[in-house]
Amino acid sequence: MDQMTEVMLENGMKVHLKEIHTAPIISHWVWYRVGSRYETPGKTGISHWVEHMQFKGTPLFPAGILDRAISRDGGVWNAFTYMDWTTFFETMPASKIDLALKLESDRMVNSRYDPEEVASERTVVISEREGSENEPLFRLEEAVESAAFETHPYRNEVIGSIADLNAIQRDDLYNHYRKYYNPSNAVLAIAGDFDTSSILERIRAVYGKLVGSPMAALELPSEPSLSSEKHIEVHGPGETTFLTLVYRAPAASDPAFFVMSVLDSLLTGPSSLNMVGGGGISNKTSRLYRALIEKELAISVSGGLQATHDPYLYSITITGRPDIEPEKVFARIDEEIGRLQDTKVTQEEIDRAVKQARALFAYGSENITNQGFWLGYTEMFDTYTWFSEYVKRLQAVTPEMVQQAAQTILNRAARVRGIYLPEGAES
Amino acid sequence: MNKSFDININSLPGPQDIHRKSLPNGITILHRENFQSPSVVISGLLSAGSLFDPMDKLGLAYFTSMALMRGTESMDFQTLYNRLESVGASLGFAASVHNTNLGGKALAEDLPLLISTLADCLLHPIFPETYVARLKAQIISGLTIRAQDTGEMSALSFDRILFGDHPYARPEDGFIETVQGITRNNLVDFHRSHYGPDNLVIVVVGAVKAEDVFNLVEKELGAWKNPQMAHAPALPAIERLHETVREHVEIPGKSQTNLVMGTLGPRRNAPDYLSATLGNNILGQFGMMGRIGDAVREKAGLAYYASTSLNAWIESGSWEVSAGVNPVNLEKAIQLILQELRRFTREPVSQSELEDGQANFIGRLPLSLESNSGVANSILNLERFNLGLDYLQKYPERVMQITPEEILRTAQAYIDPEKLVIVSAGTESHSENG
């Protein structure tokens, strides 16, 4: 069995270790509780831009040195910024892992934020946003999310608005960095081919000496539930119509999340929660595929449920057919949701969703990087037991619970309905 | 300096643990076990590629491959997918130029179900009329979305200009007009003349024994025969560029312009393929996208991504630089990339750049092989390009033999910075080309 260890360093940094000896590889992840959830008006996108700046060097490891060092050792590294978190990982040959320990502990406190680098990264980040703007679904999502929340920062895109990306200054970035990047706001997760006691010694040596400044957990005022069905229309280039429905979903730590996960699996097919590798499975026997694609009302359908700290959104997204009115599609979806609200699903359907989840986790566990991901990711909204007990908690879901979730969560009177209308098809 | 490399050669897939068996009907089965995770992956190919597509039916091979799973003699569409999805398994087919590729995964306990479904789709598809029409609408919707995708549209024009009359010039999924004209009968005919056991390769990796895999495949596919299989046509020669060709694909309303520029690259089996990949790594991949990433992203801040790729196939390949930029920065980015290409073809890479690249190529091997699908795809490539089962184990040594001079010779043999295809797709900037 894989050996699991959980330790809290004196400076407040939580450490998760999982020994896995299937390949001579180690994956090292540092997670910070910062992302768009922590941003204030006028500063949207700052967390993601800070993540970029973290690759620009420290006095000890100037820009370019790190890249070279990691790549030379045959490692991969990357970083992601999300609503609730920012994470940095390195997956390396086991014998080279000390580099990851050294560089992540160093850049947790010593990054430079050189003004010239800030200036050139501003255009890189704007370019990243422009790439997203080319996609109709990004434009639709951005409009729908901001309609789905009044005040909660989940209403903003992680990448930030163009206005804010033009306005944010070097000191804004640096202060954001100094505030959130410290051991007491971080979780370290390492999975792979190591010996726990010797790696712990190294962790204490490099991370243990950093000074933590304890932070109160950010509590945001709870967002009132949607009081009506909002309609959003986005017009843009193209010839394809895209439709979306979004509902407020339970937070990941809420027991209702697991019920929602089963409900999503039945409606739009099982989603893989793996961040790295594993792949997904098709959704052609899901209720909405059968109701929409098999009935030639739409081209494709997918569902989106994400594990978040606060209640976020469950979304259903449809690629439309040119010959079908959006109203007809929405009506058909409502009919299917109505069926889930009125009639209990069978235990067999739930068992099937459980088996699908088990398979998806098995695919993801082939990969050490993904194992490291799960160790830290779950800490951003719950604890690691969320992952280790996931299948068990799906098994505990009953037909009654699914029916109740369909009634309360998939509430037609509390949702946002979005349509991307292509300008090419209008004229 | 004779550098050693820090890697256990015997832990890499090789003749000692890749099992290979040929069936009398032409099927090749390859297997490597991995009992660390309870899952299993299959990957494979057969020779029903889009190079068989008639010009007025481009997309036929792809359409056929997509239609295989829309119903068989014994299972309708919903029954077929219910079998797979109920156990969390997946299976899919997709045509490329030379081949139709297949891939799937399942929990190890469900491998028999996966293989029997695979066999049923290959041998007994019935292409039901309603599903053919539905699939056609889906493919056309995909092509309509493609027409708005700046990345895909720049790539499409790039291939068209670079490869001229060769099938590499044409998209596997066809065009809206050509897909419109494809009928159920076309699919039935294509299946009859191009699907068969000859040249079918199946790789299985995961928590299963070789004997069990061989028996399963033999049981399901061992009796398959198709005497009517057509042979691949002779393909037109691919000509080098005589001058730089510049094209812009205008797509209104886009924030970002995608740029692709490049030329022909080596075929996969070419002797200089390895020095080209190492050179490519230095040019536009190593670290944060190599020299080109450094010039365009890190120094100039012009793009979120700017990198190179080498795509090597059976008869030829392409050597490409791609970037996404704001329309006003397009010309600036092109000039920066040209500068790097000129340097790359004028002077040898430095010894330290080469050593970086070599260390990266060797060091990343274990990582690229950690998942079952990574191993399966590697083994499939060994078979497909005749590289030999010991290829991965000899790879570190071969990588270490490449010199800066060899990379320069290779770069000069393929890249002439004054004779490139340069394609952009997006919304033309109003502040330039006034």
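**Close-up 1. Strands β9 and β10 of chain A, side by side.** In this predicted model, β9(A) and β10(A) run antiparallel and are held together by seven bridges. Strand β10 covers residues 313-320 of chain A. For one pair to look for, start at Val301(A): its bridge partner in β10(A) is Ile318(A).

**Close-up 2. The whole sheet around that pair.** Zoom out a bit and you get an open sheet of five strands in chain A. Reading across, the order goes β7-β11-β8-β10-β9, and the pairing is mixed. Which strands sit at the edges? They are β7 (229-236) and β9 (298-305) of chain A, each pairing on one side only. On average, neighbouring strands here are turned by 15° against each other, if you ignore direction.

**Close-up 3. Tyr113(A), a loop residue with a positive phi.** This tyrosine isn't a glycine, yet its phi is positive, near 55°. You'll find Tyr113(A) in the loop that links α3 (97-107) to α4 (115-133) of chain A. Is Tyr113(A) buried or exposed? Neither, quite: it has 19 other C-beta atoms within 10 Å, and being buried takes 20 or more, so Tyr113(A) counts as partly exposed.

**Close-up 4. Met289(B), a helix residue with a positive phi.** Over in chain B, Met289(B) also has a positive phi without being a glycine, this time about 65°. Its home is helix α10, which spans residues 286-299 of chain B. Why does Met289(B) count as buried? Because it has 23 C-beta neighbours inside 10 Å, and the cut-off for buried is 20 or more.

Conventions. Residues numbered from 1 in each chain as written. Chains lettered and ligands numbered in written order. Predicted model: local features only at pLDDT ≥ 70, side-chain atom pairs only at ≥ 80, totals over all residues. Pairing = 2+ DSSP bridges. Helix = DSSP H or I, 4+ residues; strand = E, 2+ residues; numbered from the N terminus. Axes fitted to C-alpha atoms, helices over the stretch in contact; angles between N-to-C directions. Buried ≥ 20, exposed ≤ 12 C-beta atoms within 10 Å, placed from the backbone.
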